[in-house]
Amino acid sequence: MVKGIKLLQGVFLAGLLVSPLVFWPWAAVAYEIPRVWFINRWIEILLILTVITYQKDLFKKILSSLNSITLLIIIFLAVGCIASLFGADLPKSLIGNYYRGDGLITYLHLAVFSIVVSLIWQDIDKKLIYQCMALGSSLISIITLVMSFLVINFDMLFLPHWENRAVGATFGNPNFLAGYLSITLPFIFYRIKTAGKLQRLWWILALILQYLAIVATNSYGGLVTGLLFLNGWFLIGKKRGVQTFILLSFASLFLITVAIFQQNKLSGFVPEGRERIFRKILLGVKKRPILGYGFANSDYAFEADEWPIKLQHDVYVDKAHAMLLDVLATTGVIGLTVYLLLIFKITENLIKSYSGTDEQEKLIQKVLLLVFILYLVHSQTNIISIQEELFFWLIAGISSTSL
C-alpha cells in the first residue's frame, strides 16, 4: 500500500506541475481544449490508482468522506444534469463549449477529482504538493516574461498575445494566465516562509517575477487579486483578520464592478462591454429562472433578450465573465443556491481548520484559505481557465477532510 500511495502521490504531483504547461499548437483550439483533455485523463488515472491503492479500505474511506461538502458537490452535479436535460442545448451541455470543453463530462471529472482528493489528502505529503505548485507557477512566470520581452522588444507577434501586447504564454488568453498566477501567489509565500536562507532568496525573486508576469498580462482582475493577496497575507493571523480580509474582498469586488460600469459609460456603447453582458444575461435568466439554460449554455442566456438595442451582427458571448452569474445562467436559482452553500461550507471549514492547528499546520491552512478567497474574487472579474477552476475543486476536497 505504501508503494501505491507513493505512485498515487507522484501522479498527483506530476499533473499539478504539467497541466499549466499543456497546449497543443496544431489543435483547432490550441490552448484550453488540450488542457481540459489532459486534466480529464489525469483525473481518470488518479481515480484508477485510488481504487487500486485503497481497494480493501475503499468502501470505509468513501463512507468516512461523506459529509456536507461531498453531498453538496453531488447535489450541484445532479442539479446541473437536470438543468442540462431540460436546458437549451443538451449535446453542448454534455461536451461543453467548442472553445472550453466546459460541459457535464468535465464537471463530472472535477467532482470526482474533489472526492479523490478527500480520500487521499491525509496520506500524501502536503509540503511537497505546495512546493510543486510554487515551482509550477514560477516556471510559468519565467515563460511569460520571456515571451513578453520578445513580443515587446523584437516584435515576435507570432507568440500568443492580445491588444497592448499582453501575453498569454501557455494559456493563450492573458486573463486565464493572470488568474492562475494571482491565485497561486500564496504558494510562493509559503516557500519564502519555509525554505532555507539560500532558497529563500530565490523564492523572493520568484515572487517579484510572478508579480511582473501578472503585469505583463495587462489584466486588471489579476492585478487587483495580486494586491488583495498582499493584504490578506498580513491580515490573516491578526485578531479578526480573516473576517476583515473577507470584507475587504467583497469591497474589492464591489469597486471592480463599479469601475467596469463607469468604464463602459466613458467608452460609450461597446457590444462586448461587461454592462451589456451582465444585463443581457440577467434578462435571459428572467426567462428561465429556476434551472437556467444548462451547463455551457450561457450564450443562450445572452441571446435570449436584447439590450439596449438589437444588433444586426452581434458579438458572441459564451461565458458570463463572472462565475456566480455563469452558474445562475446555466443552473438557475436552484443551482446557484447549492453553489453558494458549497462556498459557505468550504470557507467555514477552512476558517475552523486554520484557527485550531499548530503553527506549521496553520501556515498550510492559511495558504488554502487565501487561495480559495482569491479564487472567489478573481473568478467574478473575468472568464477563467480550467486550470484556475481546478483549485476550487481541489480545496473543496481538502476542506471536506477538515471536519
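**A cavity and a helix pair**

Okay, let's start with helix H6, which gives the most to the lining of the largest cavity: three residues. Before I go on, keep in mind that this is a predicted model.

So, how many cavities of 30 Å³ or more does the structure hold? There are four, and the largest has a volume of about 200 Å³. It is lined by 22 residues, and if you want to find its centre on your screen, look for Asp102, Lys319, Met323, Ile384 and Glu389, the closest ones to that point.

Which helices help build this lining? At least two residues come from each of H2 (32-53), H6 (104-120), H15 (323-355) and H17 (386-399). As for chemistry, the lining of the largest cavity is a mix: 10 residues are nonpolar, six are polar and six are charged.

Now over to a pair of helices. When two helices pack, people describe them by the angle between their axes and the distance between those axes. Here we have H7, residues 126-154, and H8, residues 174-183; their axes come within 10 Å and cross at roughly 140°. Why call H7 and H8 oblique to each other? Well, only angles over 145 degrees count as roughly antiparallel, and this crossing is roughly 140°, so H7 and H8 are oblique. The crossing of H7 past H8 is left-handed.

And who touches whom? On the H7 side you'll see Met133, Gly136, Ser137, Ile140, Ser141 and Thr144, and they meet Leu177, Tyr180 and Leu181 of H8. Sorted by class, that contact has five nonpolar residues, four polar ones and no charged ones.

Key: Residues are numbered from 1 along each chain as its sequence is written. This is a predicted model: local features need pLDDT of at least 70, side-chain atom pairs count only at pLDDT 80 or more; totals for chains, interfaces and linings use all residues. Side-chain values use heavy atoms; hydrogens and water are left out. On a 1 Å grid over the protein atoms alone, a cavity is a set of points where a 1.4 Å probe fits but cannot get out, and a pocket is an open set with protein on both sides within 12 Å along at least five of seven lines; lining residues have an atom within 4 Å of a point. Grid points are joined across faces, edges and corners, and a volume is the space filled by probe spheres set on the points. Helices (H or I, at least four residues) and strands (E, at least two) are DSSP runs, numbered from the N terminus. Ala, Val, Leu, Ile, Met, Phe, Trp, Tyr, Cys and Pro count as nonpolar, Asp, Glu, Lys and Arg as charged, and the others, Gly among them, as polar. Axes are lines fitted to C-alpha atoms, for helices over the stretch in contact, and angles run from 0 to 180 degrees between N-to-C directions. Angles under 35 degrees count as roughly parallel, over 145 as roughly antiparallel, 65 to 115 as roughly perpendicular and the rest as oblique. A crossing is left-handed if the near helix is turned anticlockwise from the far one by less than a right angle, and right-handed if clockwise. Contact means heavy atoms within 4.5 Å.
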